[in-house]
Amino acid sequence: MKKINITILLLVVSFIAGMTSCEDFLDRPDKGNYTLANFYKNDEQCLQAVNPLYTVPWFDFFRGWLRVGDCQSGNYYIDGNGFWMLTANDDMEEVKSMSASLWAVNARANTVLENIDLYAGEGTTEAGKNTAKGEALVWKALSYFFMVRIYGAVPIVHNNTQLLNSGEYNTLYRAKVENIFDYIIMTLEQAIEWLPASNKSGRIDKYSAYGLLAKVYLTKSGYGRSGDRNQSDLDKAREYAGKVIRESGRELTPVYADIFRGSHNEDDESLIAWRWVTTADNYWTAMNDLQCDLTPTGFSEADAWGSWTGPSVDLQEAFGERFNGSSLSGAVSPNRNNTDKRRKATMMMYGDVYENFWRDRPTKKDVGNNEVTFPNGFDFSKFYGQVLGTFHSSTGANCVKHIVGDIADHVGEFGVPMIGRGTSLATHILRLGDVYLVYAEAVLGNAASTSDGEALSAYNAIRKRAGISEKTAVTWEDIFKERRLELAFEGDFWYDIVRWHYYNPNEALAYLNGQNRKNYVGLNDYYMDEGWNTWGTTDGYPKDDNGKPSPRINEGQPDGKPYSHEKFTLPFPSTDLQMNPHLAEDPIDYDISQYHY
């Protein structure tokens with residue numbers, strides 16, 4: 001595994017390279033003034049050693065995170081992308097960089113643990129050292145949780161230095177999936193023992209680990225099963241999710257859209273997040289550059305190439321929407337009622353206006369070189385119809401989550417401008433809302449439905465915040481859909497389908513094959529004017545009864561469906577396979593009892 005080996009060597013030799021700076025949360029030492037012998041002399045320095053795990057080593061996984069979690073799952077369309085078509089191969093750069101990134105997280109976490117044990121000085125406290133090590137263990141567990149759900153069986157690298165010294169780093173066999181789940185659980189249990197009940201703002205605490213452990217048990221509960229899930233694992237998921245809900249003191253952020261605002265980066269809602277920062281002297285890999293991937297050309301002063309991507313038609317339909325202002329029933333509502341408040345906070349559609357975008361109320365030139373002003377903020381229909389002149393996205397919508405806006409918006413949220421195309425917007429990896437739904441599903445377990453009061457309380461709290469009606473009983477299908485809508489574009493939906501595939505593979509596969517993965521032919525030739533009365537077209541597409549052009553839904557899946565069961569795991573990168581042929585062989589049993597922290 002060539003890239004893994006390079007990362008291991010770099011991280012062992014240079015233990016803290018890549019630290020970023022942002023107030024005290026991501027302060028870094030002067031790189032010219034430390035060595036391993038004179039660092040780790042107080043608790044603060046131990047925490048500084050963990051800081052990079054909140055950003056830098058995850059950067060090369062970042063784009064793949066959305067492509068796997070939402071593109072593969074049918075939530076987000078990217079033209080010509082192997083993830084959307086479920087044809088990702090071992091030579092794709094994103095496949096290679098994702099693997100290298102996840103192994104880099106594991107290597108850095110291992111290095112932090114080893115260095116604290118070796119070099120912590122008299123100025124440190126046991127609680128301070130344990131907090132830093134506990135945070136590192138959660139990041140380590142998360143890297144393995146991603147790996148086991150993406151690749152299936154993978155090797156276990158417990159200590160990088162020992163592995164380097166043994167000379168066996170290119171001869172590792174993959175561990176069986178059940179071994180990996182046991183290793184993740186062992187790692188999180190130790191993290192829980194070390195972590196405090198509350199930590200500094202934005203940092204991982206005991207309840208962050210409990211929340212992740214609940215999700216691990218829920219996922220593990222179906223592995224190797226047929227038609228049902230392991231009740232003991234479901235009980236553990238219920239227990240640990242319940243601890244977060246009842247004991248952590250955290251509450252759901254009242255306004256759903258606020259979760260994804262920079263001013264709410266460190267809300268109670270956020271249990272684990274990548275804490276990106278933009279400062280003049282930091283590393284590029286510490287910034288959030290996802291906005292440029294998701295926004296259409298002209299949305300901000302920075303580069304943007306999201307005009308040819310967009311929220312899938314299938315997800316729009318799950319929200320009960322169509323791109324042109326009509327509901328699935330056919331009723332036209334150009335101003336959109338947004339019955340489910342999450343829809344507007346997730347995707348921009350015609351009729352949507354965002355006060356937190358373009359707060360400097362800019363004037364733009366439309367296609368006729370006329371000035372167009374935006375007095376109320378970013379107006380999606382005016383932007384496309386009068387400024388761009390065409391609808392770039394072939395799905396009829398664009399993303400909202402992960403978007404800050406223009407420079408003025410970034411200053412308004414963070415007090416500092418964007419750096420190039422990078423923003424300081426946090427990426428939430430585990431939210432309290434997710435844990436609520438984990439709890440409801442764990443209580444439901446193998447039953448057809450449940451009216452359990454606590455399960456309904458958790459489930460309905462999510463729906464109440466979304467502004468939609470509460471239920472008196474819920475099924476697995478209810479929770480599955482609720483998770484999709486609640487966590488859309490948060491890199492999660494693919495893993496819901498994967499864990500479904502663990503114990504009911506044919507149903508999960510049928511779900512994938514039943515999705516509407518089509519887009520609109522010629523939609524980029526259309527625009528609507530501000531009054532919603534006139535459509536423009538350049539190609540004479542068929543007209544509806546009202547004389548408006550009717551974009552054609554693309555017939556046939558772009559990837560030549562049906563999909564197959566083999567699509568549920570990604571291949572190892574070709575570079576890894578070349579360096580370690582054992583990765584292509586059957587996994588073996590690992591004795592987890594040999595590992596200790």
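This report walks through a predicted model of a protein chain, from its overall make-up to a few single residues.

**The whole chain**

Let's start with the broad picture. The protein chain contains 20 helices and 16 strands. Of its 597 residues, 61% count as buried. The surface that the protein chain exposes comes to about 21800 Å², and carbon and sulfur atoms supply 47% of that area. If you take the contacts between residues at least 6 apart in sequence, 72% of them join residues at least 24 apart.

**The nonpolar core**

In soluble globular proteins, nonpolar side chains tend to be buried together. Here, the largest nonpolar core has 158 residues. Phe-61, Trp-139, Tyr-144, Phe-146 and Ile-272 are the residues with the most contacts inside this core. Helix α5, covering residues 126–150, gives the most to the core, with 13 residues.

Which residues does Phe-61 touch, leaving aside its neighbours within four places in sequence? Phe-61 is in contact with Met-98, Ser-101, Leu-102, Phe-146, Ile-150, Trp-274 and Tyr-495.

**Two helices side by side**

Now look at helix α15 (residues 432–444) and helix α17 (residues 476–486). Their axes come within 10 Å and cross at roughly 170 degrees. An angle over 145 degrees counts as roughly antiparallel, and α15 and α17 are therefore roughly antiparallel to each other. The residues of this contact divide into 6 nonpolar, 1 polar and 5 charged. On the α15 side they include Leu-437, Val-438 and Glu-441, while the α17 side includes Trp-476, Ile-479 and Arg-483.

**Three residues in loops**

Some loop residues are worth finding in the structure too. The table shows where three of them sit and how much of each is accessible.

| Residue | Loop between | Relative accessible area |
|---|---|---|
| Ala-175 | α6 (160–166) and α7 (177–194) | 0%, buried |
| Arg-361 | β5 (353–354) and β6 (363–365) | 31%, partly exposed |
| His-402 | β9 (398–399) and α14 (407–414) | 7%, buried |

Ala-175 has a relative accessible area of 0%. Not counting residues up to four places away in sequence, Ala-175 touches Ala-153, Val-154, Pro-155, Ile-156, Ile-180, Pro-587, Ile-588 and Tyr-590. Ala-175 and Ile-156 are 19 residues apart along the chain, and their C-alpha atoms are separated by 6.6 Å.

What is the phi of Arg-361, which is not a glycine? Arg-361 has a positive phi of about 50 degrees. His-402 is not a glycine either, and its phi is positive at about 75 degrees.

How values were computed
Residues numbered from 1 in each chain as written. Predicted model: local features only at pLDDT ≥ 70, side-chain atom pairs only at ≥ 80, totals over all residues. Heavy atoms only, no water. Axes fitted to C-alpha atoms, helices over the stretch in contact; angles between N-to-C directions. Helix = DSSP H or I, 4+ residues; strand = E, 2+ residues; numbered from the N terminus. Parallel < 35°, antiparallel > 145°, perpendicular 65-115°, else oblique. Contact = heavy atoms within 4.5 Å. Nonpolar A, V, L, I, M, F, W, Y, C, P; charged D, E, K, R; others polar. Core = buried A, V, L, I, M, F, W, Y, C linked by side-chain atoms within 4.5 Å. Buried < 20%, exposed > 50% of the residue type's maximum accessible area, 1.4 Å probe, protein only. Areas by Shrake-Rupley, 256 points an atom, 1.4 Å probe, with all protein chains shown as cover.
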